[in-house]
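Colleague: Got a minute to walk me through this model? I'd like the core first, then a few odd spots.

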Amino acid sequence: MLLAWKILQTAAPHLARQVQIPRSYFIGADVFYDFLSLNDIEYINQKYKTAEEIAADYPVIEHAYAQAHLPEAVTAHLSDILREVGKRPLIVRSSSLLEDNFGTSFAGKYHSYFCPNQGTAEENLAALTLAIRRVYASAHNPDALLYRRRMGLLDYDERMAILLQEVQGQAYRDYFFPAAAGVAFSFAPIVWNPRLRREEGFVRLVMGLGTRAVERVGEDYPRLVTLSHPLLRPEVSPSAIRRYSQRLVDVIDLKKNELTTLPLRQVIDWQYPPLRWLASADKGDTLLPIFSLGPELASERLVPTFDNLLQRTSFVPLIKEVLATLEQHYGAPVDMEFALSFIPGAKQPEIAFHLLQCRPQSTMNGEVISAAPADLNEADRFLLAHRMAPKGRVPKIEYVIFVDPTAYGNLRQPTQQLEVARCVGRLNRALAKHPFMLIGPGRWGSANLDLGVPVTYADIFNARALVEMAVAHRGITPEPSYGTHFFQDLVESRIYPLALYPDDGRDWLNQAFLNQAPNQLVALTPQDAALAGCVKVIHIPTARDGQVMELRMDGKLGVAYFTRATE
């Protein structure tokens, strides 16, 4: 954050008034060792254990850290910070010495915690110190340790520093949140139209706290913006725009002293000052920009489109210049987290851009991919994906793990859905030395169990490709993961993501092959026999007489097809 801010101050001083960083405080990495020594905590060998042992031990470690205490001198400094910030909410963020490097960003691997800071001095200090200890504990979480193992960082010294930031935003009635927030990339990870230019950047944009932009949330959708053509969206019709828009907002509830998620219409109304720049008025057969505020703008008729922000403010040219400047000086594409606020009193909308984090962006570029053979017959194809395909090639795929959307949708108990995720994790370990593809409904890694298999990085890191089937379930079609921390996990681990839209007409999946091929689940993980109706594992050489599968993606189209292993 500080490096990016310094670059902008030096290279683009004309942006200094608009680009700001939060008031921040730091706990040095040396305190982590002091904390471990003071509390006689010895978990330094966790990283060398098996995945099963790491997962089993982590709750014990979390409890031990939660019961520990910080050095007295550190606690005294924290009390001084709380007196200085008053009732301003804080966020406690990890700042590991291994984070945010080129090719290993650790995006989302360690935890962050909001401290609303609305209690008594004693309550606020207790909440803050607990959040710090929980961030320390997250250095041992399975996702982080297995990620280090995958990236060849296991033997590096892991020291955790802490960044305390004032949360950017304003109070509106009982809630505290920024007008908008999101994550931006200087190189677009996806395009959905040939007119879009990847090199001009990409943004995931939401109202409220940016947690809904960087994480894979439930039945909700951020605004996806390719900065070369900011108003050219994946959806075209008013009904599609309405359907794929944000419905929930993350805010800090000042009365309840907690981070919470609420329906957007409960938080904002026509009296919210930035409303005209963030939403459109739903007129049934059309969505119209808001040019004036008044009681006729009923909350249920407000659709977050950000059209006026993108078209009638300085936001797009500002963020494009910020991204381009940082990429030039980093010598590589960057991604950053940000929040927006509107400067009050200005006749024209004036934006304050709050830079919250910046790191090198992980990409899958560099390989020139030729098209799949043109003479393939339908029986030799496995899938076609026309929307938002990356660039890359995965040869000699031996296995397909398929989570049947209908069978998964029929699971009614959360324990059953979680067990599917654990089954995938066991298969991930069993097939560690065999190239395999994952295919499943909705969002892999979703926090909402009904909208996708709730795997974590630790459950899928050996996969070579991950296909998300955008199938409607209980009236909701999940959006793909592009731009989230989960997506960054895939990119850095060279796990190619694909979104498959079976109802599109152009996309296609060889359902006949999936139905007819024998299920190898029980042979690989006998303890998962009860899930054989939901999870199918296909050994392609067995099902296709010695053939394997190849996946090719040229940035526009993804094709998987059967071929001989020697080809």
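**Core, helices and loops**

Colleague: Let's start with Phe 338. Which residues does it touch, leaving out those up to four places away in sequence?

Modeller: This is a predicted model, to be clear. Phe 338 touches Ala 181, Gly 182, Val 183, Ala 184, Val 203, Leu 205, Phe 315, Ile 319, Phe 353, His 354 and Leu 356.

Colleague: How many residues are in the largest nonpolar core?

Modeller: The largest nonpolar core has 54 residues. Those with the most contacts inside it are Tyr 272, Phe 315, Ile 319, Leu 326, Met 336, Phe 338 and Phe 353.

Colleague: Which helix gives the largest share of this core?

Modeller: Helix 12, residues 315-330, with 8 residues. There is also a second, separate core of 33 residues, which includes Phe 32, Leu 82, Val 85 and Val 92.

Colleague: Any general reason for cores like that?

Modeller: In soluble globular proteins, nonpolar side chains tend to be buried together.

Colleague: Stay on helix 12. Which of its residues are buried?

Modeller: Phe 315, Val 316, Leu 318, Ile 319, Val 322, Leu 323, Thr 325, Leu 326 and Tyr 330 are buried.

Colleague: And how far apart are its end C-alpha atoms?

Modeller: They are 22 Å apart. The 16 residues of helix 12 should span 22 Å at 1.5 Å a residue, so the two values agree.

Colleague: What follows helix 12?

Modeller: Gly 331 does. Its phi is positive, near 75°.

Colleague: Which residues other than glycine have a positive phi?

Modeller: Arg 173 is one of them, with a phi of about 60°. Phe 306 is another, with phi near 65°. As background, most residues other than glycine have a negative phi.

Colleague: Where do Arg 173 and Phe 306 sit?

Modeller: Both are in loops. Arg 173 lies between strand 6 (170-172) and strand 7 (175-177). Phe 306 is found between strand 15 (302-304) and helix 11 (307-312).

Colleague: Is Phe 306 buried or exposed?

Modeller: Phe 306 has a relative accessible area of 1%, so it is buried. Arg 173 is at 49% relative accessibility and therefore counts as partly exposed.

Colleague: Why only partly, at 49%?

Modeller: Because exposed means over 50%, and Arg 173 is at 49%.

Colleague: New topic. Where is His 69?

Modeller: His 69 is in the loop between helix 3 (51-67) and helix 4 (72-85). At 45% relative accessibility, His 69 counts as partly exposed.

Colleague: What is His 69 in contact with, beyond its neighbours within four places in sequence?

Modeller: Phe 35, Leu 38, Asn 39 and Arg 133. His 69 and Ile 132 are 63 residues apart in sequence, and their C-alpha atoms are 10.0 Å apart in space.

Colleague: Ile 132 is in helix 5, right? At what angle do helix 4 and helix 5 pack?

Modeller: Yes, Ile 132 belongs to helix 5. Helix 4 and helix 5 (residues 121-137) pack at about 125°, with their axes 10 Å apart. That angle makes helix 4 oblique to helix 5. The crossing is right-handed.

Colleague: Which residues make the contact?

Modeller: From helix 4, Thr 75, Leu 78, Ser 79 and Leu 82. From helix 5, Asn 124, Leu 125, Leu 128, Thr 129 and Ile 132.

Colleague: Last one, the overall picture. How many helices and strands are there?

Modeller: The protein has 19 helices and 27 strands. Of its 567 residues, 59% are buried. Among contacts between residues at least 6 apart in sequence, 74% join residues at least 24 apart.

How values were computed: Residues are numbered from 1 along each chain as its sequence is written. This is a predicted model: local features need pLDDT of at least 70, side-chain atom pairs count only at pLDDT 80 or more; totals for chains, interfaces and linings use all residues. Side-chain values use heavy atoms; hydrogens and water are left out. A nonpolar core is a set of buried Ala, Val, Leu, Ile, Met, Phe, Trp, Tyr and Cys residues joined through side-chain atoms within 4.5 Å. Buried means under 20% relative accessible area, exposed over 50%, partly exposed in between (1.4 Å probe, protein chains only). Helices (H or I, at least four residues) and strands (E, at least two) are DSSP runs, numbered from the N terminus. Contact means heavy atoms within 4.5 Å. The expected span of a helix is 1.5 Å times one less than its number of residues. Axes are lines fitted to C-alpha atoms, for helices over the stretch in contact, and angles run from 0 to 180 degrees between N-to-C directions. Angles under 35 degrees count as roughly parallel, over 145 as roughly antiparallel, 65 to 115 as roughly perpendicular and the rest as oblique. A crossing is left-handed if the near helix is turned anticlockwise from the far one by less than a right angle, and right-handed if clockwise.
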